[in-house]
Amino acid sequence: MKGYAVATALTLSASSVFAAPSTLKARDDVQAVTVKGNAFFQGNDRFYMRGVDYQPGGSSNLADPIADSDGCKRDIKNFKELGLNTIRVYSVDNSKNHDECMNALADAGIYLVLDVNTPKYSLNRKDPKASYNDVYLQYIFSTIDAFAKYKNTLAFFSGNEVINDGPSSSAAPYVKAVTRDMRQYIRSQNYREIPVGYSAADIDTNRLQMAQYMNCGTDDERSDFFAFNDYSWCDPSSFTTSGWDQKVKNFTGYGLPLFLSEYGCNTNKRQFQEVGSLYSDKMTGVYSGGLVYEYSQESSDYGLVKVSGDKVSTLPDYDALKQAFDKTENPSGDGGYNKTGGANPCPAKDSPNWDVSNDDLPAIPKPAEKYMKDGAGKAVGFSGDGSQNAGTSSTSTAEPGSGSTTSGSGSAATSSGLAAGLKVPSLTLAPVVVGALTLVSTMFGAGMVLV
Ligand SMILES: *[C@@H]1O[C@H](CO)[C@@H](O)[C@H](O)[C@H]1NC(C)=O
Ligand SMILES: *[C@@H]1O[C@H](CO)[C@@H](O)[C@H](O)[C@H]1NC(C)=O
């Protein structure tokens, strides 16, 4: 319990009523990461993500690694040895307590980038309209409630690989609406301004359009950052052979922080040569580092370690990555970031690669509007019934600016932590019957998406 503030009985009773997390246990002595221009900062210092993707068990054996404090502490030893400052987790059970692991990560100087979705609570690219509903938003807002109090929550992913080819780009307005709603929720709850953005699949044909799309329109509709998965550097390779030089060129002038949400091609023996480029000033004017796929060995064969039971043993890729990180310093100074940042125009329709015909977004589903004011209420966790065919969908088009908020200042100083924890949820979720779970490959995409 090192570093914890003492929880009061008042808070405990509040949280036992509806599992709203108390805000009194999270450590306060952590410096939150913020966005300036097209970069992340820790105070006045540029922050480059040195991270791994972390979900032992993958999507087939889904477990919340942040709720598993023993496993988390076991793995933090390796995170520290690798020199990491960030991990990405794809799914958490928002009804569980995460204090112990989050504080242990904070002790180790490690931040969390968290996907708010789970296989049962996510957008379905085949049916984005139905799956963008109030039951879904209630789940992901509850996940925000569970993690907003940790200052080492670096960012939230609103979606992962929802779009995985040209035709599925027609789901992009829903991805953008979810991002807008999450940002509005964070501000209207007076949480710290935790960055929200999307993690795109490794698709050359619409990567740039998706990035531009997530950064066009009114401020409430734009993201705080953009990330994509990239498996194009396969050792032995180089900055030019891999084409990463072109990706720097193509994203030069992009107004949001950009990072690789998954990387580490495993076609050949991995040497992680790309690390040397990623943290050099050839790239840091445009990129803020990235996350290696992935910590644990799963069936896709990208593991750095093998987890068996409560034991963990390192694999050859672990040593290769450690060597690459050890010999790679960050650039000095600010790495040549763009201080201005800002919006860009929306991309034009270009089907079949980019199938979005206008810039309108769906309005938030009516029954979800109240969460902005009242909070999301009870977190249902992994055992919830799922959302893809539940609840009420959006029935109208949003006015630009609809996602802005006047109530919240967004400043951490005015955080309404305790008050939020005491809010009585104003709605009882109707029991939801979900038929056969639609298979969504938006989870744990990895190099399994081959284009
Ligand atoms: C860079 O942009 C051009 C023009 O949009 C595109 O043809 C090319 O595929 C892009 N290159 C990379 C590596 O993304
Ligand atoms: C910096 O970002 C702004 C806004 O996106 C852009 O107009 C400008 O060209 C960028 N500058 C550089 C040097 O990339």
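Let me start with the loop between β11, residues 289-292, and β12, residues 305-308, since that is where E294 lies. This is a predicted model, and I will keep to its backbone geometry and to one ligand shell. The peptide bond that leads from Y293 into E294 is cis, with an omega near -5 degrees. The loop between β11 and β12 also holds D301, a residue that is not a glycine and yet has a positive phi of about 70 degrees. D301 counts as exposed because 11 other C-beta atoms lie within 10 Å, and the cut-off for that class is 12 or fewer.

As background for these remarks, most peptide bonds are trans, and most residues other than glycine have a negative phi.

A second cis peptide bond, with omega about -10 degrees, joins D235 and P236, and P236 sits in the loop that runs between β9, residues 225-230, and α8, residues 244-251.

Now to E161, which is in the loop between β7, residues 153-160, and α6, residues 172-188. E161, again not a glycine, has a positive phi of about 55 degrees. Is E161 buried or exposed? E161 counts as buried, because it has 26 C-beta neighbours inside 10 Å, where 20 or more are required.

Finally, the surroundings of ligand 2: the residues around it are T252, G253 and G255, together with N338, T340, G341 and G342. By class, the shell around ligand 2 comprises seven polar residues, with no nonpolar and no charged ones.

Conventions. Residues are numbered from 1 along each chain as its sequence is written. Chains are lettered from A and ligands numbered from 1 in the order in which they are written. This is a predicted model: local features need pLDDT of at least 70, side-chain atom pairs count only at pLDDT 80 or more; totals for chains, interfaces and linings use all residues. A residue is near a molecule or strand if its C-beta atom, placed from the backbone, lies within 6 Å of it. Ala, Val, Leu, Ile, Met, Phe, Trp, Tyr, Cys and Pro count as nonpolar, Asp, Glu, Lys and Arg as charged, and the others, Gly among them, as polar. Helices (H or I, at least four residues) and strands (E, at least two) are DSSP runs, numbered from the N terminus.
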